[in-house]
Structures are given as structure tokens and as C-alpha cells.
Amino acid sequence: MKFKAFFTDDGISLLDKRFLPAMDKVGRVCHFFFTPTHAMLLHNLLGATAAGPDGGGPQCVAQFAKDLLFREYNVSSRNGNQIAFSVEVALLHRALRSVLAVHAQPPAAGDAPGAPAIQVKLVNKLPVGSRTATPFLTFETKGARAAVVQDVPISRPLSRSDIERLQAALDAAKDLPQTLVQVPDLPQLQSLVDRLKNVGDLLTVAVTQYSDLHLQVSTSLVTVGSEFRKLRVIGDRGIAPGGACLTVVFQYFIPGTRLADKSISFYCRLPVLDPGSS
């Protein structure tokens, strides 16, 4: 079982500034899942709490084309060249920032410009005082004045059966609801939700037949809400089959264009306490 790659500048920036902070807010631990074509960060798709959105907590899937995050990407295993393991998001992010700080050191006078790329690989190491090798995700780079190696402890890589369970859960999480409503102003929506969560713990979400999105929080003392009117509806109107959930799909655009970047996908499925009626 082997994994080794070098980060692209855009890829490591995406993880550092966007996706790892987002995953850390959702949960302490996530799965890293590497396939021959993609790298994924998955939250709550396996384990005792992964009963799905029907009360099992939120599920998040961040998927990247391998060439977006890495170059010289090599992954091999007996499980169809797929590798998955769990890792603490905060530790992963801390290690990433440490190597980025060294990588960003300006060259000294007379040195050749340009720092070596940041390498990441899967290794087994024997911790001090232990007789059993432990798996780590290791980051390495060199700066103008220092070199750094950061070892992030991870779980044992998942077995073939666990990877099959993870893939099945991933396929199930990709099932989109019948109705998607496009919200054009994400910062405005985020600002609204940040204000509403200071009023109460439960948010009521409703989509009307006129394509209006209503968000509301009610307590014994006050009711506060807002609406987004005449939004674009994608798909058929209806309630998603199976367990009810609220799916939030984030769309990314190629810089400088309004073309969707298909090398990135990120969506979350949130448990619904009361699915209401259609």
C-alpha cells in the first residue's frame, strides 16, 4: 500500500483556506479517501454516528480531481488502488500550515529562487518506546533557511470491506433531492444564518410553490426570519425519497469566468427534525 504526491499551489491553498476550516467546523475527524482519479475528504459516512441524515448528524463530501490537488500523484493498494483512513482535521490543518510557513520563506541573497514543492506521503514509523509501527501522513518541504517534516497520526488504513462500505455510503450521499433551489448570494445567506443562530437553535426552512425560500427561527419570545424571492428551481418539485434531509450543494467557478469548475464538488446533507409536507 503506497501513497505519495506533491501538492500543487492551488490545491494546497484550497485545503488551507477553504476546505479544512470548513470540515473542522463540522466535526473533529474526517476520512481521507484516495482513488486513482480523485482525492476526497468525507465526514460522517462511516461509524456509529453515520446513520445518515436521519438523525445521524451532518454528512459532508468534498471531492477533488487528483490533478487539482496534486502532481506526480501515485496511489496503489490491493483494494483497487484505493486508500482510506481517518484523521483529526485540526492536526492535519496544523501540519499543513507548518510546512506552508517554511515553504514561504524568501530565499537568501545569492540563492536560486523557488522553493521545493511540498510532498505528502503515507508512511509507517516506529514511535519512541513502541514495538509496533504506526501509520502517519507525512508532509515534507524545504525553505530558504529550514526544512520541515510533519508527521500526522492517522488510523489504520481501511480494509477492503470497509472501503466497500465507504464507497456505498458515498454513492448514497451523492443522491440529490428532486428539488434544488439556487441561492445566488451565499455571503448574504451566511450572514443571515449567523444572525439567526444567535436567536435560537432550530431553523425552519421552507420553499414555496412560487420559488421563494423562507428561513425562520422561533422562540417563546420572538420569531425572526427572512426570505429569498423567485429563486431558480433546478429539477422537479417534490420531497426527496427515503429519509428527509436538507442538502446544501456548493458550486465553484473557474477563476475569471462563470463556468462551473467540475474538478471540485462539495456538498453537505443535514438531518431534518420535521420534514413537513409537500
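Where is Val 272 found? In this predicted model, Val 272 is found in the segment after strand 16, and that strand covers residues 264-271. I shall begin there, then turn to strand 3 and its neighbours, and finish with the cysteines.

Let us consider the surface around Val 272. This valine is partly exposed, with a relative accessible area of 30%. Val 272 belongs to a nonpolar surface patch, together with Val 193, Leu 203, Val 205, Leu 246 and Leu 270. The accessible area of these residues together is about 380 Å². The patch brings together residues from separate parts of the sequence, and one pair may serve as an illustration. Val 272 and Leu 203 are 69 residues apart in sequence. In space, the distance between them is 9.8 Å, C-alpha to C-alpha.

I now turn to strand 3, which comprises residues 38-43. Is this strand mostly covered or mostly uncovered? Strand 3 is mostly covered, since 5 of its 6 residues are buried.

Strand 3 has a pairing with strand 2 and another with strand 4. Strand 2, residues 29-34, runs antiparallel to strand 3, and 4 bridges join the two. These two strands form a hairpin, with 3 residues between them. Strand 4, residues 59-65, also runs antiparallel to strand 3, and here the count is 6 bridges.

Which residue of strand 3 is the bridge partner of Phe 33? The partner is Met 40. Met 40 also stands opposite Gln 63 in strand 4. With the structure on the screen, colleagues may therefore follow Phe 33, Met 40 and Gln 63 across the three strands. As a general reminder, side chains in a regular strand alternate between the two faces of the sheet.

Finally, the cysteines. How many disulfides does the model contain? The count comes to 0 disulfides. For Cys 30, the reason lies in distance: the closest cysteine sulfur is that of Cys 60, at 10.0 Å, which is too far for a bond. The cut-off for a disulfide is a pair of sulfur atoms within 2.5 Å.

As to their surroundings, Cys 30 is buried, with a relative accessible area of 1%. Cys 268 also counts as buried, at 10% relative accessibility. The threshold matters here: both cysteines are classed as buried because buried means under 20% relative accessible area.

To close, I would recall two points. Strand 3 is joined to strand 2 by 4 bridges and to strand 4 by 6. Val 272, by contrast, is partly exposed and contributes to the nonpolar patch on the surface.

Conventions
Residues are numbered from 1 along each chain as its sequence is written. This is a predicted model: local features need pLDDT of at least 70, side-chain atom pairs count only at pLDDT 80 or more; totals for chains, interfaces and linings use all residues. Side-chain values use heavy atoms; hydrogens and water are left out. Buried means under 20% relative accessible area, exposed over 50%, partly exposed in between (1.4 Å probe, protein chains only). Two strands pair if DSSP finds at least two bridges between them. Patches are made of residues with over 30% relative accessible area and no salt bridge: like charges are joined within 9 Å, nonpolar side chains (Val, Leu, Ile, Met, Phe, Trp, Tyr) within 5 Å. Accessible areas come from the Shrake-Rupley method with a 1.4 Å probe; for residues, only the protein chains shown count as cover. A salt bridge is a side-chain nitrogen of Lys or Arg within 4 Å of a carboxyl oxygen of Asp or Glu.
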